[in-house]
Amino acid sequence: MSEVIITSETRDTFGKGAARAIRRANRVPAVLYGHGTEPRHLSLPGHELLLALRTPNVLIKLEGAVTELALPKGVQRDPIKGFLEHVDLLLVKRGEKVVVEIPVTVVGNVVNGAMLDQQMVQVQVETEATHIPTGVEVDVEGKDAGFDLFAADLPLPAGTTLVGDPEALILHVISAPTAELPEEPEAAEPTAPAEAPEAAPAE
């Protein structure tokens with residue numbers, strides 16, 4: 001897993017007004033915590049941080065005010081405009097294990113007449129902080145109805161272990177529903193023609 005280098009600056013002003021001023025300068029307020037240390041309040045360059053956060057579980061190598069490795073653990077965005085408002089960073093060390101969530105990606109096609117039902121799109125794993133996998137891939141090529149895949153069956157990379165219920169259902173293949181043809185209405189029985197009334201006798 002590659003590391004993204006981001007230069008940090010210390011911030012010593014707090015509150016909504018100070019945060020707005022930081023964002024106006026195209027920077028993002030951040031807090032670095034972990035390993036029993038006092039939280040450190042930083043500001044980070046907004047554009048570089050936004051690009052880095054496009055990668056799930058990105059490992060950030062901080063330089064400048066602090067020189068540390070960190071993982072994003074909480075990202076606050078503006079609910080309307082989507083810009084970064086604040087980021088929580090977890091301090092990590094090389095070689096230590098961390099618990100993260102990684103995406104489950106499905107490749108391949110199930111057989112005709114079946115359909116895929118994916119129950120979980122990500123799983124929680126424990127892995128080395130500097131070797132976090134980008135995800136786990138599951139191949140369903142040619143799988144037929146009745147195929148089930150559980151968390152314990154995931155092909156996790158070496159050094160990565162599952163956290164949570166190994167019997168959790170990740171996906172299964174089911175029969176595709178078939179559209180029922182509408183029933184044809186029953187033909188109505190023919191009715192006998194009405195008899196003409198008899199003519200009245202002439203006087």
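**Exercise 1. Find the bridge partner of Pro72 in strand E6, then place the two strands in the barrel.**

Step 1. In E6, the residue bridged to Pro72 is Leu89. Helices (H or I, at least four residues) and strands (E, at least two) are DSSP runs, numbered from the N terminus.

Step 2. Now look at the whole strands: E5 covers residues 68-77 and E6 covers residues 84-92, and they pair in the antiparallel sense over eight bridges. Two strands count as paired if DSSP finds at least two bridges between them.

Step 3. Zoom out to the closed barrel of six strands, which runs E1-E3-E2-E6-E5-E4 with mixed pairing. From one strand to the next, the twist averages 45°. Axes are lines fitted to C-alpha atoms, for helices over the stretch in contact, and angles run from 0 to 180 degrees between N-to-C directions.

A word on what you are viewing: this is a predicted model, in which local features need pLDDT of at least 70 and side-chain atom pairs count only at pLDDT 80 or more, while totals for chains, interfaces and linings use all residues. Residues are numbered from 1 along each chain as its sequence is written, and side-chain values use heavy atoms, with hydrogens and water left out.

**Exercise 2. Work out which side of helix H1 is buried.**

Step 1. Locate the helix: H1 (residues 16-24) packs on the sheet and touches E2 (27-34), E3 (37-45) and E6. Contact means heavy atoms within 4.5 Å. The direction of H1 makes about 115° with that of E2.

Step 2. List its buried residues: Ala18, Ala19 and Ile22. Buried means under 20% relative accessible area, exposed over 50%, and partly exposed in between (1.4 Å probe, protein chains only).

Step 3. Look down the axis of H1: the buried residues fall within an arc of 100°, so they line one face of the helix. The arc is that of the directions from the helix axis to the C-beta atoms. An α-helix has 3.6 residues a turn, so residues three or four places apart point the same way.

Step 4. Check both sides. E2 and E3 are included in what covers the buried residues, while the face turned away carries the exposed residues Lys16 and Arg24.

**Exercise 3. Describe the side-chain pattern along strand E10 and find its partner strand.**

Step 1. In E10 (residues 136-139), Val136 and Val138 point to one face and are buried, whereas Glu137 and Asp139 point to the other and are not. In a regular strand the side chains alternate between the two faces of the sheet.

Step 2. E10 pairs with E7 (residues 97-107) in the parallel sense, over four bridges. Within this topic, Val138 in E10 is the bridge partner of Val106.

**Exercise 4. Explore the nonpolar cores.**

Step 1. The largest nonpolar core has 24 residues, and Leu154 and Ile170 have the most contacts inside it. Such a core is a set of buried Ala, Val, Leu, Ile, Met, Phe, Trp, Tyr and Cys residues joined through side-chain atoms within 4.5 Å.

Step 2. E5, E7, E9 (122-128), E10 and E13 (169-175) each supply at least two of its residues. The largest share, four residues, comes from E7.

Step 3. Another core lies apart from this one, with 18 residues that include Val28, Leu49, Val58 and Leu91.
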